[in-house]
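Here is a short briefing to read with the model open beside you. Take your time and look up each part as you go.

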Amino acid sequence: MMIAWMILASLFCNSAQDGNSKEDGAFPCEPDGMTVRTLNQNILLTWEDKPSCNPLNDELTYELEVFIADKQIHREEVAVSPDQIGSTHYWNWTSHLALECATHTLRLSSRYKNQSSQWKHHTIPGHKALDWPEVFPRDKVFQLGSQATFCCVLPTGESLEKLYLSGNSSANQNISQIGSHAYALTVDLNRASSASCTDVKCETKTSDNGACAYIGYPPADRDLSCETQDLQTVECQWTVGRNTHLAIASPTTYQLLGSVCAEGFKGRCSHTMQVEAGEHLWTVTAQNQLGTITLTYEADLTKRVHMFAPEGVKVSEVGARNVSLEWEWSVQTYNHLNITCQLNISHGDAQNSTSESVGVGLTSAILKDLIPNWTYRLKIRCSTTQHFWKWSEWSLRVKFRTLGDVPDALDVWTQVKDKKSVITWKVPLAHQSHGDIIDYVIRWAPTKTPDRQEKSSVTHPKNSFALGLNSKEEYAVSVTARNSNGSSSPSSVTIPILNPGGGVIKSSRILGSNGGFNLSWSPSPSASCGFIVDWRPFVGTSGVDWLRIPPTETNVNIHSKSLGEGVRYLLSVHACTQGAPVLLERREGYIKEKIIPDGLFKPFTWTQRNLDVEVTWNRVSLQKQPAFIQGYVLYWVDNNNIVMNISTDNPQATSLTARNLQISSYSFTLKAKTAVGECGATHVTAILNSPITLLVFLLLFVVFCCRHWECIKLELYPPIPKPVLKEKWTASLKSCRPVFMEMSHHEIELMTIPKLHCKSEVSAETDCVDQGHVGTTNRVEALSIPSTAMTCQTSPSASSSLAITTSLNSSYNLMLTNGVQQPISGPGSQETHSLVTRSNGYHPQRNTVHPEDAPESLLPCVFTYILLPRSASTE
C-alpha cells in the first residue's frame, strides 16, 4: 500500500513539472468509468465522458501515458469528435514486455482547448517470484526473423547469472535490468523452433528456470485448383507451403467456402454442393497465430470433371487376335457424357501399348491385332471428351489369354559347310509360334525344273538342315513350321550355283565397340529387297546369325547375347534379290580383343648357328587367338644385363634370329604384338658353345677313329690265339718268308711269318733287327708304346730277324728260333732308317724295302694282326 502511494506521489510530481500542468478543479470534463482488460501483452482501455463534457461543441482530446516500472515508455492522444462525446471510448496497446515482467501504469486525462483535467491512473502489477526465478512470456508464438523480449523475475535476494535463448545466436541480443528484481533479454530470432519449442533459460547461483518460445512462419500455401468428380461435390487441391514449425503451438487451420477442412494440412478439401455451369470463385483460407492467407480459384467446374475409374472391367469374347471388353460406371451422370477411354495392354515380355475408344456413356471396347496364344493384362482410364481435364485413375487390371493360331512365317537363311548347303532358320519365339511347334518341313527343287521337288522334315527344336545339292544348279528352298493349329506360310531362299568361278571377296578388319559391331557398307543397285548381314565365329562349329536390313539403310549396329569377347567373327553383307543373295562385303574382327595367355607358342625351340641363335615356333591356330596378332618380339638379356630384342611385323612369321651373341647362357622370351599389348610370353633357355672348339673336337675325333680303327677294334674285341708246340714250327722255318703289301698310307701288313718262338716281356721300346746284319746300321724303327713285347726270330738259315711289339695276351711266350734263342739287337746296332711316330697313330715310312730287292734286310714293325699258319692251329 505504501508503494502505491509513493507511485501516485511521483506521478503528481511529474505532472506538476509538465508544461500542461493540471490543477485540481481546473477542468470538469474528465474521463469516467475507466476499465482495463489484458490479454497476453495486449492492454485494452475503455472509458466514458463525464456528463459535464456533453455541452462541448469542439473536439475533445484524451492524453494517454504508459509507465513501466516508473519509466514512461509510451505517450498517445485520442481525439473525440463532438458527436462521439458521451459514448464509450476504446484504446488498445501492446507492450513489448510481458505484463508479468514489471508494473504497467496507465494515465488518462482530457484536454479541451487550453484546459486539462486531472490524471486518472490504472496500475497493472507485475509478477513476484517466490522460490525460484520465473521467465515470461510463456508458450508464446514468434515469427522467425522478428525481435522478441523475454524477462526473468528473480526471488528476493537472488542475483542473475545467465539469461539466454537456447540454440539462438548470441550476436544480436541485449540484457537490461527492469526494476530491482527483473531483467529483460531482447534478442533477434534467427532460428526456427524444432519439433517442440525453443527454451529461454534463466539461471541464478542457486536455481534456474525457463519458458517455451515457439518460433516459426505464417502459412504460405499456394496454387489452388478445384474440380468435381460427380458434379455434386467440389474437390479443391493446393500446394502446402513450407513447414511453419508451429504444429504444436499454432497449427494451420483451413476452410473451404467457410467450411472447416479436416485434411487441409494434406493440401486438399471437399465441399458437397450442386455444381452448376458458369464461372464461380472458390476460396480456401489458411491461418495460424502468425497470419492468414487466402487462396482463390475461378472456374466453371462442369469443364473440370475428373472422372472415377471404370469398375467391373471384364472380357466378354476372346479370339486368336481380337477380344471384346466391358465395364461399368459408379456415377449415373457419366452415361450422358461424351467419354474417351484409354486402354493399356501389357504382355509377357513387359511391352506396353495403348488404344483409345470414344463414345457417349462409353462402357465397351474391342481390342484388335493381338498375338495368338498369348497372355495379356489390361487396365482402363477415362476422361470427358469435350472439355478434357485429366485422366481418371486406372481401373483394376484384367488378365486374359488369346486363342492359338498357325505359326508366323520363319526367317530362313543359308550357308555352305563342308561343300553342303545348310538351310538355317530362327526358332520362333513364344509370341511367334502361337502354340507348341511340332516340326519343320523343308522343300527344295532346281529353279529350272521346279517339278523335281523333294521334301524332308526335322523335329523341333532343331533349326537347320544340310542339303547335298548339285553344285552346277540353282535351287529354291522353302521351310514351314507346324503346330497343332496348322502350318505357317512358307519362307523361301535361293541357293546359287556353288563355285561359279567368280572372284573371291577378301575380308577386311572391323573393330568392335560397346560389345558389338557398327557395320556400314556401300549401297547396291541389286539389293531390291534390302540387305542381309550375317555373322559367325571365324572357326568352330557355332551356328550363323543374321539380320535383315531395309533397302534404304546401309548400316547396322550388331548386338547379340551370343557375341563373346576374345572370339574372332566373320561378318558378311549380302544383297537381297529376287533370286539368290549376292555377297557384297566381308569383315572379320572381335567385339573386344583380349590378352593372349602366356605359354602360347609351342613347340618353342632354338638352334645355334655360329654365334647366332634362331628360335622357331609353330603358327598359332585361330581358336587360340583372342586378338589379332600383328607381329612378334623376341627378348633376351646380354652379359651387361641390357635387354635386347628383335621384332617383326609379319603375323605369319614362325622364327626370329638373335645375332652376334657371346658364349654364355641366354633366356629368350617371345611375345606377340596385339592391340591390347604384347602378350603370350613363352620362354626358352639356350647355352651357346664355341663353334671353333666344337669343330676341332669333331674333326680330331673323326680322324682318330679313322686312323686307329683297327686298334680300337683290337681293344674292344681282341683275338685269343691258341698255344702251339715249338717243334712243329721249326720244320717250316726255312719256308717262312715274310710277305709285304704296301697299303694306301704306306703301311705294311705282315701276311706270313716263319716258325716263331715268342717270349712275352714288357718293354717300353721294341726294335726289329736283321740277325744276319747285327753289326750294320739296318735298324728299322723304335716305337715307344707301352705294350707286351714279343721277340720273334727266324731260323739260322734266314738272314734276318723280326721284332714285333703288339698287344697280345701276356700269358703266351712266342719265339721264332732255329733251336737256340737269340737276342734281337744289341747295343752296337746302328739306326739308319726310322719311322716317325705321330700322335694320331699314323706311322709314315721313309724307306720302303721290297722283299725282292733286299731279302736279307730287316722287317719293319707294323701294328696289325699276326696271321698264324693253319697247320700250327690244328695241333
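The notes below go from the whole protein to one sheet and then to one residue.

This is a predicted model, in which local features need pLDDT of at least 70, side-chain atom pairs count only at pLDDT 80 or more, and totals for chains, interfaces and linings use all residues. Residues are numbered from 1 along each chain as its sequence is written, and side-chain values use heavy atoms, with hydrogens and water left out.

**The whole protein**
- The protein has six helices and 58 strands; these are DSSP runs numbered from the N terminus, with at least four residues for a helix (H or I) and at least two for a strand (E).
- Of its 875 residues, 41% count as buried, meaning under 20% relative accessible area with a 1.4 Å probe, protein chains only.

**One open sheet**
- Five strands form an open sheet with mixed pairing, in the order E39-E45-E44-E41-E42.
- Its edge strands, E39 (508-509) and E42 (545-549), each pair on one side only; two strands pair if DSSP finds at least two bridges between them.
- Strand E41 (residues 531-537) runs antiparallel to E42, and five bridges join them.
- Ile532 has Arg548 in E42 as its bridge partner.

**A closer look at Ser250**
- You can find Ser250 in the loop between strand E18 (233-239) and strand E19 (253-256).
- Ser250 counts as buried because its relative accessibility is 4%.
- Leaving out residues up to four places away in sequence, Ser250 touches Val141, Asn288 and Gln289, where contact means heavy atoms within 4.5 Å.
- The Ser250 side chain reaches the backbone nitrogen of Gln289 at 2.7 Å.

Note on methods:
Buried < 20%, exposed > 50% of the residue type's maximum accessible area, 1.4 Å probe, protein only. Polar contact = N/O pair within 3.5 Å; in protein donor to acceptor, adjacent residues only side chain to side chain.
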